[in-house]
Amino acid sequence: VPALYFPYLVYPIDGKGRVTGLLFPHFGYSSLKGFNIGTGFFWAMGRSVDQTFYADSYSTLGYGLGHELRYALDQPSFGVFRSYALKPKDGRDWDYDLDWNAMQMLPGRTRATLTLRQFSNLLFQRQYQDSLNLATTRTKRILFNAQKSVGSTQLRLFADSQDTYFTTSTRINR
């Protein structure tokens, strides 16, 4: 008969680097979200590419699903795409938060960049975000830029959309 129980833990990093597997679950409590529990799955797709999938449950807020894709290719190509969606308990539609950044070298020495910061509404931002900076943001933005050097001239395609929310109004720049 065992007299002492000792938990067994496996640390998922081997000599070759990162390893695919389940992440350690997290638990917590806040007066706004209630008791929460969640976990994730990390997928090491290669030396420079990985994804993480998240699932969270909040006792008063609802449940959430998240995804993060990260890659780093030959310099300067990289990307980080974070997405999170939350289904509120009160039956409202899904709320979402998107934070995407990428720079990619395309054929013909063309460089493209993308910045996307979108969310469903300001109330969701205040409730969901743990970072004070993100919880108090009032701006949604989509920015795309592609540029190519042709001799001493530079060709550039640029698109920018920014919505800033104030107490009683919204400022839209396109």
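Exposed means over 50% relative accessible area, and buried means under 20%. Keep those cut-offs at hand for this tour of a predicted model.

**Stop 1: Arg-174 and Asp-163.** Select Arg-174. Its relative accessible area is 64%, so Arg-174 is exposed. Now add Asp-163, its salt-bridge partner, with the closest N and O atoms 2.7 Å apart. Arg-174 sits in the segment after β11 (170–173), while Asp-163 belongs to strand β10 (residues 153–165). The pair links distant parts of the chain, eleven residues apart. Asp-163 counts as buried, at 14% relative accessibility.

**Stop 2: Asp-50 and Arg-70.** The structure holds eight salt bridges. Select Arg-70 and Asp-50 for another, where the closest N and O atoms are 2.4 Å apart. Arg-70 is in strand β5 and Asp-50 in strand β4, so this pair ties together parts 20 residues apart in sequence. Asp-50 is buried, with a relative accessible area of 8%. Add Glu-68 and Arg-82: salt bridges with shared partners join these two with Asp-50 and Arg-70 into one network.

**Stop 3: the largest pocket.** Select Tyr-54, Asp-56, Tyr-84, Tyr-128 and Asp-130, which lie nearest the centre of the largest pocket among its 23 lining residues. The space there is about 560 Å³. Its lining comprises seven nonpolar, nine polar and seven charged residues. Strands β3, β4, β5, β6 and β7 each supply at least two of them.

**Stop 4: the nonpolar patch.** Show Leu-22, Phe-41, Trp-43, Met-45 and Phe-53. Together they make a nonpolar surface patch of about 490 Å². Strand β3 (residues 34–46) gives the largest share, three residues. Finish on Trp-43, which lies in β3 and is partly exposed at 37% relative accessibility.

Conventions. Residues are numbered from 1 along each chain as its sequence is written. This is a predicted model: local features need pLDDT of at least 70, side-chain atom pairs count only at pLDDT 80 or more; totals for chains, interfaces and linings use all residues. Side-chain values use heavy atoms; hydrogens and water are left out. Patches are made of residues with over 30% relative accessible area and no salt bridge: like charges are joined within 9 Å, nonpolar side chains (Val, Leu, Ile, Met, Phe, Trp, Tyr) within 5 Å. Accessible areas come from the Shrake-Rupley method with a 1.4 Å probe; for residues, only the protein chains shown count as cover. A salt bridge is a side-chain nitrogen of Lys or Arg within 4 Å of a carboxyl oxygen of Asp or Glu. Helices (H or I, at least four residues) and strands (E, at least two) are DSSP runs, numbered from the N terminus. Buried means under 20% relative accessible area, exposed over 50%, partly exposed in between (1.4 Å probe, protein chains only). On a 1 Å grid over the protein atoms alone, a cavity is a set of points where a 1.4 Å probe fits but cannot get out, and a pocket is an open set with protein on both sides within 12 Å along at least five of seven lines; lining residues have an atom within 4 Å of a point. Grid points are joined across faces, edges and corners, and a volume is the space filled by probe spheres set on the points. Ala, Val, Leu, Ile, Met, Phe, Trp, Tyr, Cys and Pro count as nonpolar, Asp, Glu, Lys and Arg as charged, and the others, Gly among them, as polar.
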